[in-house]
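Me: I've got a model open and I keep running into labels I'd like to pick apart. Can you take me through the reasoning behind them?

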Amino acid sequence: MHYRTWAALAPVALLGACGTAVDPEAVKETVAAVETGQLQAIASDDLDGATGVFHADAVMHMPDGRVLTGSEAIRTEFQKMLADPALDVKYTQGSAWASEGGDLAVTSATGEITATGADGKTATT
């Protein structure tokens, strides 16, 4: 079984707005809830739920080296991914950190993705 570690940088600008005090623990909980919601959307083949978290200027680096630029490119890739009947995502949230200002959070996770490869064979990474 192969496990891949993911790290995500999640800007949480709205939580740090207007110079108000922000609880870093609350920021981490919010980010974890967003990650959980996205995973639930993927599990239920909900394209809007799976991709709604990406900003129009988002950049996603794919395991095969491709770089997807923009939410539409990411949405197109997710659409292909969700159409794969072999798709299975296992994800375990790891540690998290949030800045005192609440404008940046970093999370880690381990997991694996099973999907149909370009050769038509099912593979787990």
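Me: How do you know that the reach of helix α3 is close to what is expected at 1.5 Å a residue?

Reply: Keep in mind that this is a predicted model. Helix α3 covers residues 71–82, which makes 12 residues. From first C-alpha to last, α3 reaches 16 Å, and the expected value is 16 Å.

Me: What makes the buried residues of α3 line one face of the helix?

Reply: The buried ones are Ser71, Ile74, Glu77, Phe78 and Leu82. Looking down the axis of α3, they fall within an arc of 130°, so they line one face. The general background is that an α-helix has 3.6 residues a turn, so residues three or four places apart point the same way. Glu72 and Lys80 are exposed on the other side of α3.

Me: What covers the buried residues of α3?

Reply: The cover includes α1, α2, β2 and β3.

Me: Why is Ser71 called buried?

Reply: The cut-off for buried is under 20% relative accessible area. Ser71 comes in at 19%, so it counts as buried. Ser71 sits in helix α3, and leaving out residues up to four places away in sequence, it touches Phe54, His55 and Ala56.

Me: What makes the pair of Phe54 and Phe78 tilted?

Reply: The model has 1 aromatic pair by the rule used here. The ring centres of Phe54 and Phe78 are 5.8 Å apart, and rings pair if their centres lie within 6.5 Å. Their planes stand at 55°; under 30 degrees would be stacked and over 60 edge-to-face, so the pair is tilted.

Me: Why does that pair tie together parts that are 24 residues apart in sequence?

Reply: Because Phe54 is in the loop between α2 and β2, while Phe78 belongs to helix α3.

Me: Which of these labels fits Phe54 and which fits Phe78, buried or partly exposed?

Reply: Phe78 has a relative accessible area of 8%, so it is buried. Phe54 has 21%, and since buried needs under 20%, Phe54 is partly exposed.

Me: On to α1. How do you know that its span agrees with the expected one?

Reply: The 20 residues of α1 should span 28 Å at 1.5 Å a residue, and the end C-alpha atoms are 29 Å apart, which agrees.

Me: What puts the buried residues of α1 on the same side?

Reply: Buried in α1 are Pro24, Val27, Val31, Glu35, Gln38, Ala41 and Ile42. They cover an arc of only 120° around the axis, so they are on the same side of α1. Over on the other side, Glu29, Gln40 and Ala43 are exposed.

Me: Why does Gln38 count as buried?

Reply: Its relative accessibility is 18%, and the limit is under 20%, so Gln38 counts as buried. Beyond its neighbours within four places in sequence, Gln38 is in contact with Gly49, Ala50, Val53, Phe54 and Phe78.

Me: What caps the N-terminal end of α1?

Reply: That's Asp23: one of its side-chain oxygens lies 3.1 Å from the backbone nitrogen of Glu25.

Me: What is the phi of Asp45, just after α1?

Reply: Phi of Asp45 is near 60°, a positive value in a residue other than glycine. As a general rule, most residues other than glycine have a negative phi. Asp45 lies in the loop between α1 and α2.

Me: Why are Asp45 and Gly52 called exposed?

Reply: Exposed means over 50% relative accessible area. Asp45 has 51%, so it is exposed, and Gly52 has 58%, so it is exposed too. Gly52 is found in the loop between α2 and β2.

Me: And why is Ser108 called partly exposed?

Reply: Ser108, in strand β5, has a relative accessible area of 22%. Partly exposed runs between the 20% and 50% limits, so that label fits Ser108.

Me: Which elements have the lowest and the highest mean pLDDT?

Reply: Strand β1 has the lowest at 43, and β3 the highest at 98. Over residues 1–17 the pLDDT is below 50, though this stretch has 51 contacts in the model beyond near neighbours in sequence. Where pLDDT is low, the predicted coordinates should not be read in detail. For the chain, the mean is 87, with 85% of residues at 70 or more.

Notes:
Residues are numbered from 1 along each chain as its sequence is written. This is a predicted model: local features need pLDDT of at least 70, side-chain atom pairs count only at pLDDT 80 or more; totals for chains, interfaces and linings use all residues. Side-chain values use heavy atoms; hydrogens and water are left out. Helices (H or I, at least four residues) and strands (E, at least two) are DSSP runs, numbered from the N terminus. Buried means under 20% relative accessible area, exposed over 50%, partly exposed in between (1.4 Å probe, protein chains only). Contact means heavy atoms within 4.5 Å. The expected span of a helix is 1.5 Å times one less than its number of residues. The arc is that of the directions from the helix axis to the C-beta atoms. A polar contact is a pair of N or O atoms within 3.5 Å; within protein, one must be able to donate a hydrogen and the other to accept it, and residues adjacent in sequence count only if both atoms are side-chain atoms. pLDDT is the predictor's confidence in each residue, from 0 to 100. Rings of Phe, Tyr and Trp (its six-membered ring) pair if their centres lie within 6.5 Å; planes under 30 degrees apart count as stacked, over 60 as edge-to-face and the rest as tilted.
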